[in-house]
Amino acid sequence: MNFSDFEFDEALKLRLDSLYSQNRQPHAIVIEGADEEKCEQLSTFLTMRAVCRAENKPCGKCEQCIKAKEQAHPDIYYAQPEKKSQIYSIEQMRDIIENASIRPNEADIKIFVFRNAEKRLLPVVQNSFLKLLEEPPQNCLFLLLCKNSKGLLNTILSRCTVITVKGDESFGEEAISLAKIIAEGTVAPSEWQLLSAFSGFTDRKLADETLAVLTVIFRDCVAVSRGIKARIDAELAIKLGKRITTGMALQLVEATEQARQKILQNVNMDLLSAFLSGEYRRIIWQR
Ligand SMILES: [Zn+2]
């Protein structure tokens, strides 16, 4: 695979390499990630790779690659939402289903890209799309871009390959220091410390960023126990590691991700704090 011109991190490159090993082409891929630009970049990469005929795909230089890169390839269809409602309509999906069975023009494959899929594909439209995924036409690739794949029906997800694109994880000072206080609170004997730490959740954006830092801190506990460098704070990771086992760390990450999902669903901050402190205490103190 040729990654030049693309700034993918090592984890993503590995994922793509293994996905395309033995030259297999998945027929439906969900690209999820908060960083729209990065998701878009991956989408472009995948369309180029699919149409390129060079040995080391995507070569980035052939006519097929260039057209894909400029989003001007006749076999790559970017679904356009309805102007007023901003959704992909059922009629549109019908057209796409029909179109998918027609042979491609220039490439050996037809590609359909849906941006903002979790918002623009209503469940009823996802259901009609599902029929297409159940018996995918030959030589078609469907790309669904979304912030969070949990917004799509499970029946759709089970027929897709999901690739998560990590955002640029440079965190703000405020989020880092708040996350550290919360992390310390999880191992403190009294629940009070944890609850008062959560009072720092004044707005959604800060709360979400703080939780993102927390997932890294919990992962750091596992990392340092295996001799890998901590990304946030080595001293803290060692301290937490004395109380938090690997199994607990993974549960803590899971609970934190669930909480981030709740932020997306507009939960209020008090409920969020109550949920998290309850989960953290249960996991660490087995209550
Ligand atoms: Zn090419």
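What covers the buried residues of α8? In this predicted model, the cover includes α9 (191-198), α10 (204-225), α11 (234-241) and α13 (269-285). The chain that holds these helices is divided into domain 1 (10-164) and domain 2 (173-285), and a zinc ion is coordinated by four cysteines, which are named below.

**The two domains**
- The centres of domain 1 and domain 2, taken over C-alpha atoms, are separated by 35 Å.

**Helix α8**
- Helix α8 is made up of residues 173-187, and because each of its 15 residues is counted at 1.5 Å, the helix should span 21 Å, which agrees with the 22 Å between its end C-alpha atoms.
- The buried residues of α8 are Ala175, Ile176, Leu178, Ala179, Ile182, Ala183, Gly185, Thr186 and Val187.

**The zinc site**
- The SG atoms of Cys52, Cys59, Cys62 and Cys65 coordinate the zinc ion at 2.3 to 2.4 Å, and along the sequence these donor residues follow the spacing C-x6-C-x2-C-x2-C.
- The arrangement is tetrahedral because the angles subtended by the four donor atoms around the zinc ion are 102 to 120°, and four donors count as tetrahedral if all angles lie between 85 and 135 degrees.

**Exposure of two zinc donors**
- Cys65 has a relative accessible area of 0% and is therefore buried, since buried means under 20%.
- Cys62, with a relative accessibility of 24%, counts as partly exposed, because that class lies between the buried limit of under 20% and the exposed limit of over 50%.

How values were computed
Residues are numbered from 1 along each chain as its sequence is written. This is a predicted model: local features need pLDDT of at least 70, side-chain atom pairs count only at pLDDT 80 or more; totals for chains, interfaces and linings use all residues. Side-chain values use heavy atoms; hydrogens and water are left out. Donors are N, O and S atoms within 2.8 Å of the metal (3.2 Å for Na, K and Ca); water is not among the atoms, so sites may look incomplete. Four donors count as tetrahedral if all angles lie between 85 and 135 degrees; four count as square planar and six as octahedral if opposite donors are over 155 degrees apart and all others between 65 and 115; anything else is irregular. Buried means under 20% relative accessible area, exposed over 50%, partly exposed in between (1.4 Å probe, protein chains only). Domain bounds come from an automatic or database domain assignment. Helices (H or I, at least four residues) and strands (E, at least two) are DSSP runs, numbered from the N terminus. The expected span of a helix is 1.5 Å times one less than its number of residues. Contact means heavy atoms within 4.5 Å.
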